[in-house]
Amino acid sequence: MDRPNQAVSGRNSGIRVKINRFAIEGDRAEHHFTVYNIAYDRTQEEVVNSESAETKIFDYTKEEITLAGQLDIYRPTTTFTNLNATDRDVAYLIEKEMFTVKSIVDKIYEEFALREWEGVTLKLKEGDYTKNNLPPKETIERIIRNSMAKRAIEGDELDKHNRQVVFSAFNTLLRKKSKTLQTKRTAQKPVAISTIGRERETLSVSNLRRDSSVFYTPDFADELGDDDAKTVLNEVIADQSFLKSSTKEVNTALFKTPVDLVFTTAEPERKFVELLTKRDNAKLLTAWVKSKNQRFYEIEYSITTDAGKHSR
C-alpha cells in the first residue's frame, strides 16, 4: 500500500492513497469456505451444415425482382429566416448517385464466379444453372431490365437502393460453405478455491468520492491487517466531505463474509451488499464473499451476437 503522509481531508484527498482488504483471521474466520471451479480444454472440429445434404432451388423463372420507384434527381427545400423573421424557401436540384445496368451485371457475375454454390440450383426460363454451368450475362441483364419495366424505370441506370435490392436478390443463392468450424469444450477435473487464498484487493480513496463504497464492522480496528489502512479508513469516516454512501458500518454478527473489508464500485453492488447484511437475510446465510472484478472465481459462458457465437 502507498503510505499516506497527511490526513485524508477535503484539501488533501488528491493524494493517491489506497485501502487494502485482506482475508480475515479473527472471529469471522469461521466464514471462510471453499468453492470449486471447472476449466475446459478447447478443440475445434468441422461440422457439416444441416442444410448441406439437400439441394436448394432458387426459382427465377418469373424473371422479376421487386424494385422501388426512383428519380435520378430530387428537390429538397431549405427554409431560411433573416433577421427580420422573414422566411424564404430555397429549392435545390440534387443529382442522385446512379449505376449502370452493365456495372451491376458485371458485379453479380464476378460474385457468381468467386463464391460458393454448394447444393444450390438457379432455375431460369432457359433451364437450371449451377456453379459449373453459370447463366450468361445477357440472362441476368434481362431479369434486371424486366424488373425495371415493372416499375416503369426507364433508361440504363439504377439508384443505390435498387442496386442493393438486385445484389441482395442474387446473394441469397450464394450459400455458406457446407462445413464450419465449431469449438468443443471438455471439462477438466474441478479445482478447489478457498477464500483464505484470495489475493488482497485495494480501493483508491479517490474512488470513494465518486460511486465506490467500503463496508466494515465496528471492530475494524482489530480486524484490519494493515495499520495504514486503519488510519486511512478512520480519516475517511471522519471526513464529512465524502458522500454518505462512501462508508457503511455493518453489525459484526450480520457481516458474514471472511474478509475484513468489502469494496463495491457502483450503486447496484452497494445495494446488494446492503441486502446481504440486513438482519432478516443475514440469519439465513452461512457465509458469502464478493468476488473480485477479475479472477478468483470464473464462470465460462457463451454469448451470441450479430457477428456470431463467442465464449467467455
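Mentor: A salt bridge here is a side-chain nitrogen of Lys or Arg within 4 Å of a carboxyl oxygen of Asp or Glu, and we shall apply that cut-off to a model that is predicted.

Trainee: What is the N to O distance at which the side chains of Lys102 and Asp106 meet?

Mentor: Lys102 and Asp106 are 4 residues apart in helix H1, which means that about one helical turn separates them. Side chains of opposite charge can pair when their charged atoms come close. For a salt bridge the nitrogen and the oxygen must lie within 4 Å, and between the side chains of Lys102 and Asp106 the N to O value is 2.9 Å.

Trainee: Is Lys102 buried or exposed?

Mentor: The residue counts as exposed when its relative accessible area is over 50%. Its salt-bridge partner Asp106, at 26% relative accessibility, is partly exposed, whereas Lys102 has a relative accessible area of 56% and is therefore exposed.

Trainee: Which residues are joined with Lys102 into one network by salt bridges that share partners?

Mentor: In the salt bridge already described, the side chain of Lys102 meets that of Asp106. Salt bridges with shared partners extend this into one network, whose members besides Lys102 are Asp106 and Lys137.

Trainee: Which residue in the loop between H2 and strand S12 (157–159) pairs with Arg145?

Mentor: Within helix H2, Arg145 forms a salt bridge with Glu141, a residue 4 positions away and thus separated from Arg145 by about one helical turn. Arg145, partly exposed at 31%, also takes part in a salt bridge of 2.2 Å, N to O. Because the partner in this second salt bridge lies in the loop between H2 and strand S12, the pair ties together parts that are 11 residues apart in sequence, and that partner is Asp156.

Trainee: Which helix gives the most to the largest nonpolar core?

Mentor: Nonpolar side chains tend to be buried together in soluble globular proteins. The largest nonpolar core of this model has 18 residues, and among those with the most contacts inside it are Ile104, Ile144 and Phe170. Helix H1 (101–114), helix H2 (137–150) and helix H3 (160–171) each supply at least two residues of this core, and the one that gives the most, with 5 residues, is H1.

Trainee: What is the charge of the surface patch in which Glu30 gathers with Asp27, Asp219, Asp222 and Glu249?

Mentor: Glu30 has its place in the loop between strand S1 (18–21) and strand S2 (34–37), and at 64% relative accessibility it counts as exposed. Asp and Glu count as negative, and the charge of the surface patch formed by Asp27, Glu30, Asp219, Asp222 and Glu249 is negative.

Key: Residues are numbered from 1 along each chain as its sequence is written. This is a predicted model: local features need pLDDT of at least 70, side-chain atom pairs count only at pLDDT 80 or more; totals for chains, interfaces and linings use all residues. Side-chain values use heavy atoms; hydrogens and water are left out. Patches are made of residues with over 30% relative accessible area and no salt bridge: like charges are joined within 9 Å, nonpolar side chains (Val, Leu, Ile, Met, Phe, Trp, Tyr) within 5 Å. Accessible areas come from the Shrake-Rupley method with a 1.4 Å probe; for residues, only the protein chains shown count as cover. The place of a charge is taken as NZ of Lys, CZ of Arg, CG of Asp or CD of Glu. Buried means under 20% relative accessible area, exposed over 50%, partly exposed in between (1.4 Å probe, protein chains only). A nonpolar core is a set of buried Ala, Val, Leu, Ile, Met, Phe, Trp, Tyr and Cys residues joined through side-chain atoms within 4.5 Å.
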